[in-house]
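Biologist: I'd like to learn how to read a model like this one, feature by feature. Could you take me through it?

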Amino acid sequence: MKLNLIKSLGVLILVCIFCIPSFGLVSKRDSIQLTGKVFNNKEKVNGLIINVYNENELIKTEHIRSSHHFRLYIPKNAMPTIEITAPNFHTKTFFFDSTVPNGLKKLPGYQFDMDVFSETELEGVNTSMLDFPAGLVKYNEKKKAFLRDKAYTKKIKKAYFKLLEEAELSNRGALEDD
């Protein structure tokens with residue numbers, strides 16, 4: 001009877017080891033480290049949540065409660081979407097092509113800062129353009145580092161500033177009507 005129990009436990013352990021989905025188990029050795037800071041120029045960002053999607057499937061969620069700084073790991077040779085959200089703030093995303101050359105001995109990390117807009121900052125304007133990613137990042141073989149697409153980022157920032165201007169004008173107009 002003890003032998004059957006030991007065999008059953010052994011089988012259960014093996015089943016658990018081989019059946020646990022690997023997408024949440026990215027190790028440091030085979031992944032890219034992202035470090036970042038999320039902020040808003042007018043208010044403190046609390047309850048920050050970072051979601052990582054790969055092929056539209058959620059593979060990781062990080063809850064950052066006490067700070068707006070974070071570190072997380074994403075799988076290499078994938079194209080995950082990083083989603084940054086917090087209560088009372090608009091969600092921002094960016095695409096990260098983590099494809100690196102074969103045989104690369106040391107995987108580079110990537111550091112970034114992300115400014116998020118509060119819901120009150122953009123009150124009264126159409127925020128659908130926030131559905132577009134805030135950035136595109138990929139490996140640059142010449143510089144041997146992950147770099148953002150500067151031309152794309154410049155276009156998006158310009159659109160964000162225009163959105164903020166529209167919100168300010170909308171709010172001023174609402175104040176004048178009162």
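Biologist: Let's start with Ser-118: is Ser-118 buried or exposed?

Modeller: Buried means under 20% relative accessible area. Ser-118 has 1% relative accessibility, so Ser-118 counts as buried. Keep in mind that this is a predicted model.

Biologist: Where is Ser-118 found along the chain?

Modeller: Look in the loop between strand S7 (110-115) and S8. So here you have a loop residue that counts as buried because its relative accessibility is 1%.

Biologist: Which side chain does Ser-118 have a polar contact with?

Modeller: That would be Glu-43: a polar contact of 3.2 Å joins the two side chains.

Biologist: Let me try a strand residue, then. Why does Asn-51 count as buried?

Modeller: Same reading, new number. Asn-51 sits at 9% relative accessibility, and the cut-off for buried is under 20%, so Asn-51 counts as buried. You'll find Asn-51 in strand S2 (residues 48-54).

Biologist: And which side chains does the Asn-51 side chain contact?

Modeller: One is Thr-61, with a polar contact of 2.9 Å to the side chain of Asn-51. Another is Glu-83, where the contact with the Asn-51 side chain is 2.7 Å.

Biologist: Zooming out, what share of the protein chain do buried residues make up?

Modeller: Buried residues come to 35% of the 178 residues in the protein chain.

Biologist: How many helices and strands does the chain have, and in what order do the elements run?

Modeller: There are two helices and nine strands. Reading from the N terminus, the order is α-β-β-β-β-β-β-β-β-β-α, with a helix element at the start and another at the end of that run.

Biologist: Now backbone angles. Which residues have a positive phi although they are not glycine?

Modeller: Asn-77 is one of them, with a phi of about 55°. Lys-144 is another, also with a positive phi of about 55°. As for their places, Asn-77 lies in the loop between strand S4 (69-75) and strand S5 (81-85), while Lys-144 lies in the loop between S8 and S9.

Biologist: How do I read their accessibility: exposed or partly exposed?

Modeller: Exposed means over 50%, and partly exposed runs from there down to the buried cut-off. Lys-144 has 58% relative accessibility, so Lys-144 counts as exposed. Asn-77 is at 39%, so Asn-77 counts as partly exposed.

Biologist: What about separation in sequence versus space: how far apart are Asn-77 and Thr-99?

Modeller: Compare two numbers for the pair. Asn-77 and Thr-99 are 22 residues apart in sequence, with 3.7 Å between their C-alpha atoms. Try Gln-33 and Lys-76 too: they are 43 residues apart along the chain, and their C-alpha atoms are separated by 9.6 Å. Gln-33 is found in strand S1 (residues 31-39) and, at 27% relative accessibility, counts as partly exposed.

Biologist: Last one, surface charge. Which residues form the positive surface patch?

Modeller: Pick out Lys-142, Lys-143, Arg-148, Lys-150 and Lys-157. Take Lys-142 as your example: its place is in the loop between strand S8 (135-140) and strand S9 (145-148). Lys-142 has 80% relative accessibility, so Lys-142 counts as exposed.

Note on methods. Residues are numbered from 1 along each chain as its sequence is written. This is a predicted model: local features need pLDDT of at least 70, side-chain atom pairs count only at pLDDT 80 or more; totals for chains, interfaces and linings use all residues. Side-chain values use heavy atoms; hydrogens and water are left out. Patches are made of residues with over 30% relative accessible area and no salt bridge: like charges are joined within 9 Å, nonpolar side chains (Val, Leu, Ile, Met, Phe, Trp, Tyr) within 5 Å. Accessible areas come from the Shrake-Rupley method with a 1.4 Å probe; for residues, only the protein chains shown count as cover. A salt bridge is a side-chain nitrogen of Lys or Arg within 4 Å of a carboxyl oxygen of Asp or Glu. Lys and Arg count as positive and Asp and Glu as negative; His and the chain ends are not counted. The place of a charge is taken as NZ of Lys, CZ of Arg, CG of Asp or CD of Glu. Helices (H or I, at least four residues) and strands (E, at least two) are DSSP runs, numbered from the N terminus. Buried means under 20% relative accessible area, exposed over 50%, partly exposed in between (1.4 Å probe, protein chains only). A polar contact is a pair of N or O atoms within 3.5 Å; within protein, one must be able to donate a hydrogen and the other to accept it, and residues adjacent in sequence count only if both atoms are side-chain atoms.
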